[in-house]
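Thanks for sharing this one. Here are my notes, point by point, to read alongside the model.

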Amino acid sequence: MLKVGLTGGIASGKSVVGEMLVALGAHLVQADRIAHQLMRPGEPVYNEVVRHFGGAILNPDGSVNRAKLAEIAFGAASPAQPKLQAVPSAVSPQGASRVEELNRIVHPAVIRSQEEWMEEVGRDDPHAVAIVEAALIIEAGVAKRFDRLIVVTCTEEQRIARFAARQKLDIANARKEIERRMAAQLPEAEKIKAADFVIDNSGTLEHTREQVGKVWQYLRSAAESGVIGK
């Protein structure tokens, strides 16, 4: 089985690329969805987060209010809701210690779940291409867990426009939120240096699909041949 990490900056189009790879035959899991599942009422991670951050982060139905959690952990004033996956402590000086606290609770559990998922995929199909989509693979120090790393890129203005549309924000607030979140990530140039494949998602969907197709041919060949080493 070939283990592949799929990453990139905020609103770069990771999910779009992931969907294209799944359509070609890849198996994929999203770290953000794992985190959401772990934060459901009754889950151990949920219990720990509530114990550390208090009942003020909860909605009336007992679910976690992500915006309220962000205000405490990240010092965020934006209406946009953050993704509940590990974020480096440099997000903001005033919230650094609480961010680290959230990381220590959520991140190890997300990684364990990813590893379990990949093991299950490998048992079912020894020649599978198993992809984990996550924003902070490199920053979290887990890139070496993967046989190949794909980085998705786009322009800054596209990133802002896409994020604004997705979160229903005006451009000014979207730009502020993007800047806040990108401060927690490596510069795109550094991500590219670490990548085995770079997919430029700044053009048309067809152009992205062409690039994905070429990458898939390589991944599929490596998985089928069992030649995992780079």
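1. Buried here means under 20% relative accessible area, exposed over 50%, and partly exposed in between, with a 1.4 Å probe and protein chains only. Glutamate 115 has 17% relative accessibility, so this residue counts as buried.

2. A word on provenance: this is a predicted model, in which local features need pLDDT of at least 70, side-chain atom pairs count only at pLDDT 80 or more, and totals for chains, interfaces and linings use all residues. Residues are numbered from 1 along each chain as its sequence is written, and side-chain values use heavy atoms, with hydrogens and water left out.

3. Back to glutamate 115, which sits in helix H5 (residues 96–124). Helices (H or I, at least four residues) and strands (E, at least two) are DSSP runs, numbered from the N terminus. Leaving aside residues up to four places away in sequence, glutamate 115 touches Lys3 and Arg145, where contact means heavy atoms within 4.5 Å.

4. For the overall fold, I see 9 helices and 5 strands, running β-α-β-α-α-α-α-β-β-α-α-α-β-α from the N terminus. Of the 230 residues, 50% are buried.

5. The largest nonpolar core (buried Ala, Val, Leu, Ile, Met, Phe, Trp, Tyr and Cys residues joined through side-chain atoms within 4.5 Å) holds 34 residues; Val45, Val49, Phe53, Ile57, Leu69 and Val106 touch the most other members. H5 supplies the largest share of this core, 9 residues. Another core, of 19 residues, lies apart from it, and includes Leu6, Val129, Ile150 and Ile199.
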